Structures are given as structure tokens and as C-alpha cells.
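Subject: Handing over a model, with notes

Dear colleague,

I am passing a structure on to you, and I would be grateful if you could look through it alongside the notes in this email.

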Amino acid sequence: MNEQDPLLTEPKSGSDASRIAEVKEWLAKTFEAAGKPVPEFEYTPRSVAHLHSLLSLSKAKDEAARLVARDFRQKAAEYRSQAARIREILENVGLAQESLPSNVVAATQVLANVANLLNIRDTELSSFLVALADISLRKTGVEEKRSKVLKESKILLDFTRKAIARLTYLKRTLAQLEDEVAPCEVQMENWRTNLQVMAAKERQYLQQCTNYKAMLNRVGYSPEISHGVLVEMAEHRKELEKKTQPILDTLRSYQDLPPDKALAALAIEDKKRQYAAAEKYLEDVLHSALSSTDMP
């Protein structure tokens, strides 16, 4: 047991000590009535406050119970007095229970039991009729509630059947999906592999396209150059080759001549003029061809 708080062993005020004394007295009476000893515990402010509230509540309930019991005893005394008076009246008129036939006593007892069952104060016919009407109304209400409950139960049963059917369908679908998982995983793996290959090919093709664009930029390609233009340029090139071929043949014939610096210089200058004239002609042809493609 924990060491008690000195604030509890020596209360600060008389009210704390009186509350603890009231709690101890109440606990002692309560456990003594039950035939058990009071358990040991520490009297902390919190426990004392809680037990004191229980004490107050218990006293209030005990007082209410005493009042109800006193009322019941008073009513019982009144009922006994009234029963004795009624018994005396019946004996005076010759209707005492001992002098009545057994079937009359049995019928009277049944009538009393029915009155108690119907919760009526007397055995008048009007009281029985009112009680029977009340029972009939209750029966009608119960039947209506029963009908409503039956309808709701049918609806719930229908919902339950549909839910069970859907659950069965979902289980079957889940089983089918689980069976299809392995083939789908294999197919997905194939698609993943093909996708990786296609991605690598795409990168390769993009790199090649970049290289080709760079190559076309280096050679001076432009979108205006079409196949027809290239064919026309090739034909002009053949014509130029035909025109320059005699010049080349002449130059090759000069290789067999003895070296003469002055004549060689004159020949070179002449060939340069011819070559420049050929280049100018080729440029003019190209410009004319490009301008013709630009025209609608």
C-alpha cells in the first residue's frame, strides 16, 4: 500500500475530514450489509470526491425507494381494508366465498384474472369493452407493423440474394483474372522488350536523321532542289562535259610537248578563261532552273 499523503492524513479543513468520515461510515454500512469487509485503498481527494458523490446519489435513491415502499404499504393496507369491508358486505348478504358453489368461485377467479390481465380496476362490462377495444387497436397496430416488417424483410432478402449473386459473379471473375495473370504478364514482358527495342531503334533513326540533315546542310541542300531539277542539272553537266572534253584533250596533248614557260603560261591563261566561261554558263543554267521551279 502506498504511503498516504500527509495532506489527507491531516486535512486542511473540517469539511474534508467530515467528508472522509461520511464516506468511511457509508462504506462500512454498505459492505457490512453485504457481509464483506471494506477493501483497503488510499483516500485521495479524487477518490473521496467520487465516493462522496456516490454516497449522495445512493442516499437519494434510498430515500426515493423508501417513499415508494411506504406508498405501496399504504396502498396495500387500503386494499386489505377494502377487501375486508367487501368480504363483510358479501357475508351479510349471504355471498361469502365459503357459501358459494365451486363453479361460481372459479368463474369469479377467472373474471378477476382476466381483469388483472387486461389491467382494469373493476369488472364492469364497460371496462372490459374498453380494454378489448384497446387490445384490438394494439393488435391492428401490431399487424400493421408485422406487415411492414415482412415487406422490409422481403426487400432485404431480395437485396441479400442479389448481393450473393453479385459476390459469386465477382469471385468467378476474380478467379478468371487470376488465371489470366500469368499469360498477360508474359505478353506484357514481350511488349516491354519490343518497346525497348523500338525505343533504341527510334534513337538510332533520330541520330541518323540528324546526321543526314547535317550532311545535307554541308552540301548546300535546300528544299527547292527536287528530282526534276537534279535531272536537268545532270543533263547540263553532260553538255558541259562534252564542251570541256576537247579542252581536256588539248591539255593532255600539251603534256607531250617540250616545256616552254611562255607558251605554257599563255595556254594556261587561255584555259582559265575557258573554264571561267564554262562555270559562268553552269551558274546561269542553275539559276534559270531554280527560278523555273519557284514559278507556279
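What follows is a summary of what was found, going from the whole chain to single residues.

Please keep in mind throughout that this is a predicted model.

The chain as a whole

The secondary structure of the protein chain consists of 7 helices and 0 strands, and the order along the sequence is therefore written α-α-α-α-α-α-α. Of the 296 residues in the protein chain, 9% are buried, while the exposed surface of the chain comes to about 25,200 Å², with 60% of it supplied by carbon and sulfur atoms. If one takes the contacts between residues at least 6 apart in sequence, 55% of them join residues at least 24 apart.

The cores

Which helices each supply at least two residues of the largest nonpolar core? That core has 8 residues in all, namely Ile20, Val23, Trp26, Leu27, Tyr43, Val48, Leu51 and Leu55, and the helices in question are helix 2 (14–34) and helix 3 (45–92). Helix 2 gives the largest share of this core, with 4 residues. There is also a second, separate core of 5 residues, among them Ala115, Leu118, Ile120 and Ala131.

Helix 3 has 48 residues, which at 1.5 Å a residue should span 70 Å, and its end C-alpha atoms are indeed 70 Å apart, so the two values agree. The buried residues of helix 3 are Ser47, Val48, Leu51, His52 and Leu55. Val48, once its neighbours within four places in sequence are left aside, is in contact with Arg19, Ile20, Val23 and Tyr43. After helix 3 comes Gly94, which has a positive phi near 80 degrees.

Around Tyr43

The structure holds 1 aromatic pair, formed by Phe41 and Tyr43, whose ring centres are 4.5 Å apart and whose planes make an angle of 45 degrees, an arrangement that counts as tilted. Are the two partners buried or exposed? Phe41 has a relative accessibility of 26% and so counts as partly exposed, whereas Tyr43, at 16%, counts as buried because it falls under the 20% cut-off. The ring of Tyr43 has a further partner in Lys24, whose charged end sits over that ring at 5.0 Å from its centre. Tyr43 thus appears in several of these findings, as a member of the largest nonpolar core, as a contact of Val48 and as one ring of the aromatic pair.

Helices 4 and 5

Helix 4 (residues 102–118) has 17 residues and reaches 24 Å from its first C-alpha to its last, which is close to the 24 Å expected at 1.5 Å a residue. Just after helix 4, Asn119 takes a positive phi of about 60 degrees. Within helix 4 lies Val114, which is partly exposed with a relative accessible area of 32%. The C-alpha atoms of Val114 and Phe128 are separated by 9.0 Å, although the two are 14 residues apart along the chain.

Ser127 belongs to helix 5 (residues 125–218). What is the relative accessible area of Ser127? The value is 18%, and Ser127 is therefore buried, since the cut-off for that class is under 20%. Leaving aside its neighbours within four places in sequence, Ser127 is in contact with Ile120 and Asp122, and Ile120 is itself one of the residues of the second core.

With best wishes

Notes:
Residues numbered from 1 in each chain as written. Predicted model: local features only at pLDDT ≥ 70, side-chain atom pairs only at ≥ 80, totals over all residues. Heavy atoms only, no water. Phe/Tyr/Trp six-rings, centres within 6.5 Å; stacked < 30°, edge-to-face > 60°. Buried < 20%, exposed > 50% of the residue type's maximum accessible area, 1.4 Å probe, protein only. Lys NZ or Arg CZ within 6 Å of the ring centre and 35° of its normal. Contact = heavy atoms within 4.5 Å. Areas by Shrake-Rupley, 256 points an atom, 1.4 Å probe, with all protein chains shown as cover. Core = buried A, V, L, I, M, F, W, Y, C linked by side-chain atoms within 4.5 Å. Expected span 1.5 Å × (residues − 1).
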